[in-house]
Each structure stands twice: as C-alpha cells, then as structure tokens.
Amino acid sequence: MTILEVKNLNVSFNLKSGKFSALHNVSFKLTKGETLALVGESGSGKTITMMSVLGLLPNTASIDSGEIFYNSTNIINYKNKEMQKIRGKEIALIPQDPMTSLNPLYTIGNQLLEVINVHKKLYGKEAEKYAIEALNAVKIPDAKERLKSYPHELSGGMRQRIAIATAIACDAKIIIADEPTTALDVTVQAQIIDLLNEIKNRFKTSIILISHDIALVSENADSTAVMYNGSIIEYCKGKELFFNSKHPYTQSLIESLPDLKNEKLKTIKGQPPSIKDIFAGCPFAPRCEKVFEKCEREKPVLKQITETTNTACFLYY
Ligand SMILES: Nc1ncnc2c1ncn2[C@@H]1O[C@H](COP(=O)(O)OP(=O)(O)O)[C@@H](O)[C@H]1O
Ligand SMILES: [Mg+2]
C-alpha cells in the first residue's frame, strides 16, 4: 500500500536575480512500512523535496505544479492550518541536528510530555509512563532521569533518539530523516540507522531516509531514489542498489566510495551543477564518461529498464 506519493512536482525559487527551477518533475512513491532512501550530492534537491511534502518551503520558493498524496488525499494545496494537523503528527521530521527543533529552555520531559498531552490526551503519571516507554523504545538509558535533562546536556546521538521518541509518541506514520547521521561519528551513525530499522519493523512506520552517503542508504533502504540537479535520475527497488543501478551517475557515486583494498579512488570530474545552470539535455552530460551527442540535446526521462530499475539515461532507450 502506498502511503505517500509525489507526482510531477515542480518547485522554483523566485530570487532577485530571477526565477530558478529547483525541482523538475519529481515523482516517487513510499510504501507503507518501508524505507525509501533519497540520495544525492549536496544541492541536488533532497531537502527541498521534503520541505514541499511538509509544507515548509521558504517564502522565496513556490510549487509550480504537481501533486502530493498522503493516504490518497492530495495535500499539495493544504494551508498552514491543515498542514499543522499532519506535520509532526502523521509525518514527523528528524532534522540533521534536533537542537534546532528542541527548545533549549525546557527539559526533554517538558517537551515530550507536552506532545503526549496534546496527541494522546494523557496527563500526569499516565503521560510520564508513556514518555518513559517512548524513551525505552529508542533505547535511552535511565529514561526517568533523562526526562529532567535539557537538550544541551545530551549528545547529538541522544538528541536524535529524543526526536525519534517524539515521533513515536505521536504515532507518526511517516518519519522523514534528513541527513540524520551526518553530524554523528560512525559508530553512533550505525546505531541511529539500526534504531530507525527497528522502529520501522516494530511500529510499521514508513521512513524516508535522506542522505548524501550512498553506502549508508544502499543497505538500509527498501528502495532508493537518486537525485541529481533537482531530478530523480534513477529509482531502484530492493536493497541491492550496488547491483541494480544502471545510471552512469549512480555508478560513479558507487565507484568513488573508498574500499578496503585502498585502491586509488575514482572521482567524478567537474562540479555538481547549481539551480542557475540550465540544461537543454541531461544535466549529468557535462560530467558523464559515456556521454554522446543526443545527451546534450534532449533530456532523458525515467524509464523502466529492468525489473528493479527505472533510469533516465539514453544509453538504455
Ligand atoms: N532558500 C533558498 N534560496 C535559494 N536557493 C535555495 C534555497 N534553499 C535551497 N536552494 C537551492 O535549491 C537547490 C536544492 O537544495 P537542497 O534541497 O537544500 O539540496 P540538498 O538537500 O540535496 O543538499 C540547491 O541548488 C540550493 O542552492
Ligand atoms: Mg539537504
């Protein structure tokens, strides 16, 4: 069952220097109880895609066209008041550093209990019990003591856990984790990813895992969308992105990963484009080793090329 579907989403920025297209016909589906990874270099449009879903685009951005279905209802034109019923409750965002979403002046307990009062209509001892259960679910030790802590007293990894506990306390149906592990060290990164997997299995939560780290997502997603220059250039079903990918960009990302043999790393030539660059053809063409004449002239669209893989590349059609 599809819980979230984004269809042909086009978003642009209206800046003093002109109007620039940030997302081009972005489409994807999130299946209930699964993890969809959104992967791509910095600036490829991952966060703007999610901000569109959450109704949190900056004032300078506008949705030009598209549809966003949450449980089959198109929410793209929802006003702030309607979005507030969904955001943080049905669809929860785990930001890169939850310090930005936690209030530094209040304890973790104050903030978690408020959420539980509002969403669960539980108060006093009952609410506290529920809060402790949520902290236990995200494996925060000494849960009762932690309720008295202030956000700055916790490590980055612990703050991520609090953000996930808050999502659980609201019974969030979708968790969007935007680069949740980028600020954390490698061991803590792995713990947070394990925790998200566990939450998915236990509560049947659907997860959108956003990352620039293709190695991290490939093993932890049920499907992966690869973004480049505001477009999804490849979509692979299954956990085997490394075997299923066909797009030269995805393959370059994989080849540029460090491996244990310590061989010389391949790098992708050139720089990722900016939204101010306009391409008549494939936006990856200037950096692609397999480029041919048509690529500069026409823009490839996503086409299904194997059972598991949809790719926007003229090598295949
Ligand atoms: N507030 C903004 N004003 C102008 N351009 C922006 C703004 N936010 C993002 N962009 C541009 O939109 C593109 C996509 O950004 P973003 O979604 O944040 O990328 P990612 O999350 O993949 O790193 C980038 O080219 C970025 O420069
Ligand atoms: Mg981002």
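This section describes strand β3, helix α1 and an open sheet in a predicted model.

Strand β3 spans residues 35-39. Of its 5 residues, 5 are buried, that is, under 20% relative accessible area. The strand is therefore largely enclosed by the rest of the structure. Its side chains fall into two sets. T35, A37 and V39 point one way from β3, and L36 and L38 point the other way. Residues of both sets are buried.

Two strands pair with β3. With strand β8 (residues 206-211), β3 pairs in the parallel sense over 5 bridges. Within this pairing, V39 stands opposite S211. Strand β9 (residues 223-228) also runs parallel to β3, and 4 bridges join them. Here L38 faces A225 of β9.

Helix α1 covers residues 46-54. In this helix, 8 of the 9 residues are buried, so α1 is largely enclosed by the rest of the structure. The buried residues are K46, I48, T49, M50, M51, S52, V53 and L54. G55 follows the helix. The phi of G55 is positive, near 70°.

An open sheet is formed by 4 strands, in the order β2-β1-β4-β5. Pairing in this sheet is antiparallel. The edges are held by β2 (18-31) and β5 (73-74). Each edge strand has a single partner, so one side of each is left without a neighbour in the sheet. Strand β4 (residues 61-70) and β5 run antiparallel and are joined by 2 bridges. F69 stands opposite N74 in β5.

Methods
Residues numbered from 1 in each chain as written. Chains lettered and ligands numbered in written order. Predicted model: local features only at pLDDT ≥ 70, side-chain atom pairs only at ≥ 80, totals over all residues. Heavy atoms only, no water. Buried < 20%, exposed > 50% of the residue type's maximum accessible area, 1.4 Å probe, protein only. Pairing = 2+ DSSP bridges.
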